[in-house]
Amino acid sequence: MTYVMSYRKVDGYVIERLAKIVGDANVLTLPHERFIRAASAAPFPLHRWDDHAPDVVVLPGSTEEVAEVLKLANELRIPVVPRAAGTGLADGAVPLKKGIVVDIKRMKNILEIDEENMCVTVQTGICNNTLNLELNKRGYWWPFDPASYPCSIIGGNMGTSAWSLIGGVSGHIRDLVRSFVHVLPTGKVITVGEGGGRKISKSSTGYTLKHLFFGHQGTLGITTEATLEMFPKPEVEFPAFFGYRSFMDAWKNALKMAKSGLRTMATHIMFDEWKVEALRRDDEAYIPLPEHIKAVIATCFYGTEAEVKGASERIFEIAAKDGGIYLGEELSEGDWASRHDRYHIAYHGRHTDGQVGTYSWHCEDAAVNYSAIPYVREKWHALVAEYKQKYDVFDDMGGFYYNNNPFKQWGDYLTEIDVFIDEYHLTEELWQKWVELKRKIAEVVLEVGGSISACHGGTRPGDVELVVGKELDPGVYEVMKMIKRNLDPNNIMNPGKYLLDSAYEG
Amino acid sequence: MSTAYTYKPWYEERWKDNWVPEEVAVDCYSTFACRHKFCREVCPVYQETGNEGHSSYSFHVSLLSVARGYSKLRELGDTFTYCLQCGACQLRCPTTLFTGDFYKITNEHNVLVTKTRKELIDLGFKFKGADGMIDNLTKVVNDTDAGKLPVAEWAKDLNLPETGEVILFVDYFMATQMTNILRLVATVLKKAGVDFGIVKDPKPVFTYELDYLGEKGVAYAKHNLETLKKTGAKKVIVPDPHVFVSLTKEYPRLLKEDPPFDVVYVTDFVAELIREGKLKPEKPVKKKVTYHDSCMLNKVSGIWNSPREILNSIPGIEFIDEDHVSQWYYCCGNGASEVRSFKTLHEDLSYRIGLKRLRRALDLEVTTLALTCPHCNEQFSEVKVKSNLNIEIIDVFELLADSLGLR
């Protein structure tokens, strides 16, 4: 028997109750206020914009207000979608069943900087860069570096289990949060950490539930405060980029870098032939590389001057073993400094006739083991080429392969293909072609025993069916459903995500 | 100045309640296409309100929602009043940063905001504060046309000609409200032996707000440009960043004509004089100083070095700098207006933005905040009085004049 979900419509009464909680000025109902909060950063069906616009947006200012909003939604059975920066690439913040968007960006205060226990407590609406602007003044560093670093927000980073480019030295978001305050779908407020202490990094008491609230994509409630790791500001940041004559040379070399044992190495990133070619398209937008360079490895080091000096000498030796040529200070430092900004602008995508179109940048990610990268790379580029040729609304912006491992350089890689999509001119038919391409890209990953997403999440059409139907152990998905049904008895939190409506069937 | 910033003439076509031109829709889409919203965090208004709707991304996407039929212009409410037109967002936009030079395409947020406000007013969808904003402009227009503004008084004892290769140009604001600073600028130029003239009947420039005046605005712009041409100027020196943006960006866009002279900001000109040894600041000025970057200079015109160069040339000053990129995040709270538009629209918000900036300066443990913009000067002086913060607000030229022994 299928459980038919019925939600209450957001009407004048609901708006009135919400206003009592957060104040009139923080309840937004005008059309554009709702439509600007419909999309996150993944490809969006503009032709069906209305399907994803919420009925109302609230801007709470405290944990208590969030709890009251969730209690109300639970009582009246209204869908709630949390929204932080809206920069996620897995549609976590995209409403599937309208309802209330809880936008947490007013909650952005730093609550405590603890210089003795080296941690900082914040409201989760704070932006990564804003936090660092404050910490840097005092000689500290919040060492979390997603692609969306200049604008993404801690709460969203936690909800999507976000990934850090420099995870090799400081881990990813799940490694960088000691404890947090979380509002469950019923409005109950809990503090989750290692054992009971707010500032403890490792404990053996109780179940370790911390990771449950990373990557739930808003289906298990809203995190409102977090106690984060704080690092001493490193003495030195040293980016070094190397050019190779072929991707396979770079790939062979990457393994030597991975096994180097250099602990100050934050990452090594391979750029494939398609990526280098795409960057060459806009020669003023990128420092030109010599023609014989077909692939690049970008590395970056953080640490004390003495450590990094030693490591930099070693990395030059290693790069040279497979013909890696240092690309110079200007390119290395320039590209590293602009790493968050460069790769997602309109106007770089091209139609088959070479003309610039109204493309939006998009990145498909996966976690793939080192040994499988060459296979995945060939398959992915062939798929995008096929769809570009057939439909002329997609373009290949090349592939990146990043070290995916916290505190080490070996194992698996965040494997990414950047695809441009002409969203402006999409029709439903072309949108379905995109979902089909997306599914085929994901299938290749499962073929080689990888995971469909290393850093975004698996909640989008094209991904989600494969994640719950093929990638996850069926027993694991059963446990997910049990948890969801128990924590969210009325299925109000981000309903539809991870196909968890099925938890309420039967 | 950068040549990357090329305006698009999307002013020509008029909008309707449920329609914006395709060109606007495509440009708004290009911001939607990015969706990374770096513009949001750098915005001084958003930093205060925490409302995503008050960001460049959202302004663009709101208009895209009108273009797609999901919203109407009349439903935008007062959204477009939440903008200082400080230029941070359009500078921080990846489209500007990485395609500006190559494709000659940049984010033109400031122009879009003026255009939208103008269309809303003209269509009769008056946002909160619209009347006050227009009244402020109208008052200056009326006073100008009635000859009530003594725009040449400040120079009446200086014997400055109305022709020459070098012309010092200001409009009513500095000429009537920052006379002391303006006279110091003239004194410093004279001290360096610069032969320069002035324009004795300038019309208000109004920066981005000239468009609200329609034909009258174009007439003012034409008057100023033609008058400057008649002076025979090869170089026009401007001591007001808002006037500088008008001459270098807004006039060429509105009049579709590049001026036949160089427009130079006064600090660029004077820093050169110091470098050449024509000015020698020798008297020590014992102050602990930081510098506030004017938005119209730093963010819109890319000028940030020369004021620092001047401060560094003055003996005795302990200069504690905050770099110009960090200052993309700040504004004095007045924004781009010459007539206090943002203050009229959001008095409290404007005050909070200014207060935050002064507190940042005090974090650096300085006694003095130096600046080179008369509008920042006016705003900070007001915020200082209201907040009772203990910080000296001073123009770079006051410090320079002291060091040159000119006052």
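# Close-ups of chain B in a predicted model

**View 1. Helix α13 crosses two strands of chain B.** Here α13(B) lies across β3 (235–238) and β4 of chain B, and the helix runs at about 80 degrees to β4(B). Keep in mind as you look around that this is a predicted model. The two strands belong to an open sheet of four, with the order β2-β1-β3-β4 (chain B) and parallel pairing. Which strands sit at the edges? They are β2 (197–198) and β4 (262–265) of chain B, and each of them pairs on one side only. In general, strands of a sheet pair through backbone hydrogen bonds, either parallel or antiparallel.

**View 2. Strand β1 meets its partner β2 in chain B.** Zoom in on β1 (residues 166–168) of chain B, which pairs with β2(B) in the parallel sense over two bridges. To find your way, look for B:L168: it stands opposite B:I198 in β2(B).

**View 3. B:V263 sits in strand β4 of chain B.** Is B:V263 buried or exposed? B:V263 counts as buried because 22 other C-beta atoms lie within 10 Å, and the cut-off for buried is 20 or more. Leaving out residues up to four places away in sequence, B:V263 touches B:V236, B:V238, B:F244, B:L247 and B:T248. For a sense of scale, try B:E215: that residue is 48 residues from B:V263 along the chain, and their C-alpha atoms are separated by 25 Å.

**View 4. Domain 2 meets domain 3 in chain B.** The domain assignment splits chain B into domain 1 (22–128), domain 2 (147–273) and domain 3 (281–403). Between domain 2 of chain B and domain 3 of chain B, the C-alpha centres are 22 Å apart. Their contact involves 25 residues from domain 2 of chain B and 26 residues from domain 3 of chain B. On the domain 2 side, the elements giving two or more residues are α9 (172–177), α10 (179–191), α12 (241–255) and α13 (266–275) of chain B. Sorted by class, that side has 16 nonpolar, six polar and three charged residues.

**View 5. Helix α18 of chain B, from end to end.** How does the span of α18 (residues 374–387) of chain B agree with its 14 residues? At 1.5 Å a residue the helix should span 20 Å, and its end C-alpha atoms are 20 Å apart, so the two agree. The buried residues of α18(B) are B:P374, B:H375, B:C376, B:N377, B:Q379, B:F380 and B:V383. Those buried residues pack against α9, α10, α12, α17 (347–363), β7 (368–371) and β8 (392–395) of chain B. Just after α18(B) comes B:N388, with a positive phi near 65 degrees.

**View 6. Strand β5 of chain B has partners in β6 and β7.** Strand β5 (residues 287–291) of chain B pairs with β6 (residues 317–319) of chain B in the parallel sense, over three bridges. Look for B:K287, whose bridge partner in β6(B) is B:I317. The pairing of β5(B) with β7(B) is parallel too, over three bridges, and there B:T290 stands opposite B:L369.

**View 7. Chain B touches chain A.** Here 35 residues of chain B are in contact with 41 residues of chain A. On the chain B side, α1 (22–34), α2 (38–41), α4 (56–67) and α6 (94–103) each supply at least two residues. Which helix gives the largest share? That is α6(B), with eight residues. By class, the chain B side divides into 14 nonpolar, 13 polar and eight charged residues.

Terms used:
Residues numbered from 1 in each chain as written. Chains lettered and ligands numbered in written order. Predicted model: local features only at pLDDT ≥ 70, side-chain atom pairs only at ≥ 80, totals over all residues. Domains from an automatic or database assignment. Contact = placed C-beta atoms within 7 Å. Nonpolar A, V, L, I, M, F, W, Y, C, P; charged D, E, K, R; others polar. Expected span 1.5 Å × (residues − 1). Buried ≥ 20, exposed ≤ 12 C-beta atoms within 10 Å, placed from the backbone. Pairing = 2+ DSSP bridges. Axes fitted to C-alpha atoms, helices over the stretch in contact; angles between N-to-C directions.
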